[in-house]
Amino acid sequence: MPRIAEATYTEQPWRIHEFTSDFDVEDVWSYRTPGAGPDDFPRMLAAMRGRGGLAKQPRVVRFLFAVRWKLGELFGWDDPSAGVGERVTSLRDRLPDDLRAAPRGPDDAGMPLTAVYELDREAARELANKTVHTVMHLGWVQGADGDYGLQMTVLVKPNGRFGRLYMAAIAPFRHLLVYPALTRQWERAWRDYAAK
């Protein structure tokens, strides 16, 4: 579950670069998908969706999210007025015409992020609240061994000083618990899907 250098994201010719220059790269992670080829990104997305969202994460990850949602409820961080389309405009409003016409990908009630676009080698989802506007970018990249694999990049635009403090406070939980669990889930999803 390697965390990888920011350049592995910034040096790729992703379409998302065209309209997210005001976001910071928070994290870049890679996922092993042995035997994957250049056209397997849709299969990987299907495998991930088949694994389920937050409800199928390990107990400790579910607990962390439950605590986060409870704090958000108590302090009003997740009030709809702070979300996409309210406090911030959706990235969909920034898309070039060809991307706006492309498939969005499905939204999932078990996943707090909403679909922005989904192409044959990249996809983006977003979430906004009183702390940040964040984007999860998924890309399909060729590795040094010739196999293709999944790369996840988290882009953020913190909402002021509080948003920056919030991101710093949750970083250890993301890096030590959430992302490793997600890595195990997504890599297992690929192995199970590829074995069919």
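Here is a short chat about three residues and a surface patch in a predicted model.

Visitor: What should I know about the model before we start?
Guide: It's a predicted one, so to speak with its own filters: local features need pLDDT of at least 70, side-chain atom pairs count only at pLDDT 80 or more, and totals for chains, interfaces and linings use all residues. Residues are numbered from 1 along each chain as its sequence is written, and side-chain values use heavy atoms, with hydrogens and water left out.

Visitor: Is Ala36 buried or exposed, and what is its relative accessible area?
Guide: Ala36 sits in the loop between β1 (24-31) and α2 (41-51); helices (H or I, at least four residues) and strands (E, at least two) are DSSP runs, numbered from the N terminus. Buried means under 20% relative accessible area, exposed over 50%, partly exposed in between (1.4 Å probe, protein chains only). So Ala36 counts as buried, at 4%.

Visitor: Which residues does Ala36 touch, not counting those up to four places away in sequence?
Guide: Contact means heavy atoms within 4.5 Å. One partner, Trp140, is 104 residues away in sequence, with 9.8 Å between the C-alpha atoms. The full list is Trp140, Asp147, Tyr148 and Trp190.

Visitor: Is Val67 buried or partly exposed?
Guide: Val67 belongs to helix α3 (residues 59-75). Its relative accessible area is 32%, so the label is partly exposed.

Visitor: How far apart are the C-alpha atoms of Glu86 and Ala46?
Guide: Glu86 lies in the loop between α3 and α4 (97-101) and is exposed, at 57%. Along the chain, Glu86 and Ala46 are 40 residues apart, and their C-alpha atoms are separated by 30 Å.
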